[in-house]
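Biologist: I've got a structure on my screen and I'm not sure where to start. Could you walk me through it, one question at a time?

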Amino acid sequence: MATREVKPNDPMIDPATGEFRVIAQGQTFRSITEKIARIVLTPHTPMGWFGLFTVAGGVAVVLLTAMTWLFLVGVGIWGITQPVAWGFAIINFVWWIGIGHAGTLISAILLLFKQGWRNAISRFAEAMTIFAVACAGMFPLIHVGRPWLAYWMLPLPFTMTVWPQFRSPLVWDVFAVSTYATISVVFWYIGMVPDLATLRDRSQSKIAQYFYGMLSVGWRGSVRHWMRYETASLLLAGLATPLVLSVHTVISFDFAVAVLPGWHTTIFPPYFVAGAIYSGFAMVLTLAIPLRKFYHLESLVTERHIDNMGKVMLATGFIVAYGYAMEAFMSWYSASHWEAFMFWNRVWGPMGWSYWVLITCNLAIPLTTLWSRKLRTSIPFMFFISIVVNTGMWFERFVIVVTSLYHDFLPSSWGTYRATKWDYMTFVGTLGFFTFLFLLFVRFLPMIPMNEIRMLLPGAKIKPKVAEAAD
Amino acid sequence: MPAREGTYGLLAEFDTPSDLVRAARQARQDGWRRMECYTPYPVEEAAEAIGFHRNKVPLLTLIGGLMGGAAMFALETWISVLAYPLNIGGRPTYSWPAFIVPAYEWTILWAGLSAAFGMLALNGLPSLYHPLFNAPNFRDGATTDKFFLCLEALDPKFDLAETKAYLAQFQPNSVVEVEY
């Protein structure tokens, strides 16, 4: 149906399927290798990169400032107090880690489903995961107040002979997030080894040859190595899939296991995971759209990718919508006075504006427009949508954390929440830090997996002898 | 450990994976065993052609995962029951359903680490030196767009002149002698 809207002679459309091409026509093994390797190996770093790097670095310094003051003075500089004791730190933690989920989804789940189109975007989506988890991981550590004692969360034999309490979801979180960070880094690095070998072999400078030579651990493309490598990649994908689903589930347990109205609900795990993927794909778009433009990668990251990511967002957006609907329904169906009040207060209370921002950004704008193929393939529109959904998902966590806490059981203890400048500096600072890391990645590591792209090219087909004789 | 002097083998370069697979299949049929293919991306048919069908990565992953999960579950049980028993709302000290979550995460953690590092170890990596890097055309092609078949000198059938002629029948771009 949707295919009829597009011109039949469009070179970006594959006439056989009517779909957008995953890779533009006329690319060879050497041309795609050159295209991707040049970004890293060029001696001329684009000026725009330096400009962005300076800005991102400057914003990362804001984070450093906020952290320094925090370590000197304590968490009292933040807006957290009773009754809202979980403020920006937890909101940002959940938001950042959710963003990471799309990277794992693209690299692991879509690999298992043999979705060839994922190849071009998988590497930088994985990098996004790692940097997002790095930003996320900071927040619980600084939120505990005495970050230098954070190692108390681990089961280590201290002289105090105190051990963690394994019935608490907060301890589960330690294991879920640390495993997620470790496996993401391993998956990302292993996936990069053959491409690092390509860079080693293509680089002209001695320093680059040593650098990529060490990182590529002597990879030489032996087919025996490749077969073990493929098995390991598949297994890692198979392991990362239940892992990514479990991480946001465990994070939702931080809320759902508590008895607080607004948190104590069984819909949280699936709704958190879907929300994580929703915001993660939005972030992939936020990064991919400027990147493909800046580095002229339109032939590798095509409209097909943008279109497909729009579809995934549409699907996960509806799961999230179902989650919101169920929350509303359960507050009525539970017949619990406290649940009903909490929900009424969330929507119409003094901080109800945040709920309406959430509904506008997560449901009203994306779920009405992403149906249209024309809009899904309009690059400026998709960039706009990605920003809208990222904002909406941040507000979702704000609504869950703040509006469940600020009017609790006793009206005498009701309060409000107002973030301080240190809260904002920390949040904005992590955005700068994330961009800073991402820019370093784009400059020094291959951002598109060359070895996987090669497999998508027509030259990679093994032709039987008979067919060859015919040409 | 083979002697580190003399000839390592003969390296034939091809332009397409199909040519490589055909040559490798024929060489295997003619009785060659010490041989290896080098490709810029995984070519399953080439591995089949040189008789490499199965590998031990899945077994290592399984063992790693089971050990990781069991270790964490045992640690949780020991801490909660013996080392530091806590009464949390009257729940039993051995509250195993709660222990599943960290044990699950550690199963994945150690299975993943075993898969990744087991793969590298089975491949004999890291090894920054390899005789093939001495071949003049290897580094330009093997990780970009060329397909190589190497017949190694350790094979009893190997003879420098004869093997060179044998490889020429597959019409490669070039046949190069690789020194240690």
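Biologist: Let's start with chain A. How many helices and how many strands are there in chain A?
Modeller: Keep in mind that we're looking at a predicted model. If you scan chain A for strands, you come up with zero. What you do get in chain A is helices, and the count is 17.

Biologist: What radius of gyration does chain A have, next to that of a compact globule?
Modeller: Along the principal axes, the C-alpha atoms of chain A fill a box of roughly 85 × 60 × 40 Å. For 471 residues, a compact globule would come out near 23 Å. Chain A agrees with that, with a radius of gyration of 24 Å.

Biologist: And chain B, what does its pattern look like along the sequence?
Modeller: Chain B has six helices and four strands, whereas chain A has zero strands. Read from start to end, the pattern of chain B is β-α-β-α-α-α-α-β-α-β.

Biologist: What's the radius of gyration of chain B, compared with a compact globule of 180 residues?
Modeller: The C-alpha trace of chain B spans about 80 × 35 × 30 Å along its principal axes. A compact globule of 180 residues would be near 16 Å. Chain B doesn't follow that, since its radius of gyration is 25 Å.

Biologist: Which strands stand at the edges of the sheet in chain B?
Modeller: The four strands make an open, antiparallel sheet in the order S2-S3-S1-S4 (chain B). An edge strand has a single partner, so one of its sides is left without a neighbour in the sheet. In chain B the edge strands are S2 (35–38) and S4 (174–179).

Biologist: How many bridges join S1(B) to S3(B)?
Modeller: S3(B), residues 147–152, pairs with S2(B) over four bridges in the antiparallel sense. S1(B) and S3(B) run antiparallel too, and the bridges that join them number six.

Biologist: Are the residues of S3(B) buried or exposed?
Modeller: B:Phe147, B:Leu149 and B:Leu151 point one way from the strand, while B:Phe148, B:Cys150 and B:Glu152 point the other way. Six of the six residues meet the cut-off, so S3(B) is largely enclosed by the rest of the structure. Whichever way they point, they are all buried.

Biologist: Which residue of S3(B) is the bridge partner of B:Cys37?
Modeller: Try the pairings on both sides of S3(B). B:Tyr38 stands opposite B:Phe148, and B:Ala12 stands opposite B:Leu149. For B:Cys37, the bridge partner is B:Leu149.

Biologist: Which residues touch the most other members of the largest nonpolar core?
Modeller: That core has 181 residues, and H7(A) gives the largest share, 17 residues. We've just met one of the two winners in S3(B): leaving aside neighbours within four places in sequence, its contacts include B:Ala12, B:Leu20 and B:Met35. The two residues are A:Val284 and B:Leu149.

Biologist: Which helix lies across S1, S3 and S4 of chain B?
Modeller: Helix H1 (residues 17–29) of chain B packs on the sheet too, but its strands are S1, S2 and S3 of chain B. The helix we want runs at about 15° to S1(B). That's H6 (residues 160–168) of chain B.

Biologist: Now for the place where the chains meet. Which element gives the largest share of the side of chain A that touches chain B?
Modeller: The contact takes 54 residues from chain A and 62 residues from chain B. Elements of chain A that give two or more residues include H1 (29–41), H5 (169–202) and H7 (223–256). The largest share, 17 residues, comes from H7(A).

Biologist: One last residue. Is A:His407 buried or exposed?
Modeller: A:His407 is in the loop between H14 (379–405) and H15 (421–444) of chain A. Beyond its neighbours within four places in sequence, A:His407 is in contact with A:Asn345, A:Gly349 and A:Trp414. A residue needs 20 or more C-beta neighbours within 10 Å to pass the cut-off. A:His407 has 22 inside that distance, so this residue counts as buried.

Note on methods:
Residues numbered from 1 in each chain as written. Chains lettered and ligands numbered in written order. Predicted model: local features only at pLDDT ≥ 70, side-chain atom pairs only at ≥ 80, totals over all residues. Contact = placed C-beta atoms within 7 Å. Core = buried A, V, L, I, M, F, W, Y, C linked by C-beta atoms within 7 Å. Buried ≥ 20, exposed ≤ 12 C-beta atoms within 10 Å, placed from the backbone. Rg over C-alpha atoms; globule rule 2.2 N^0.38 Å. Pairing = 2+ DSSP bridges. Axes fitted to C-alpha atoms, helices over the stretch in contact; angles between N-to-C directions.
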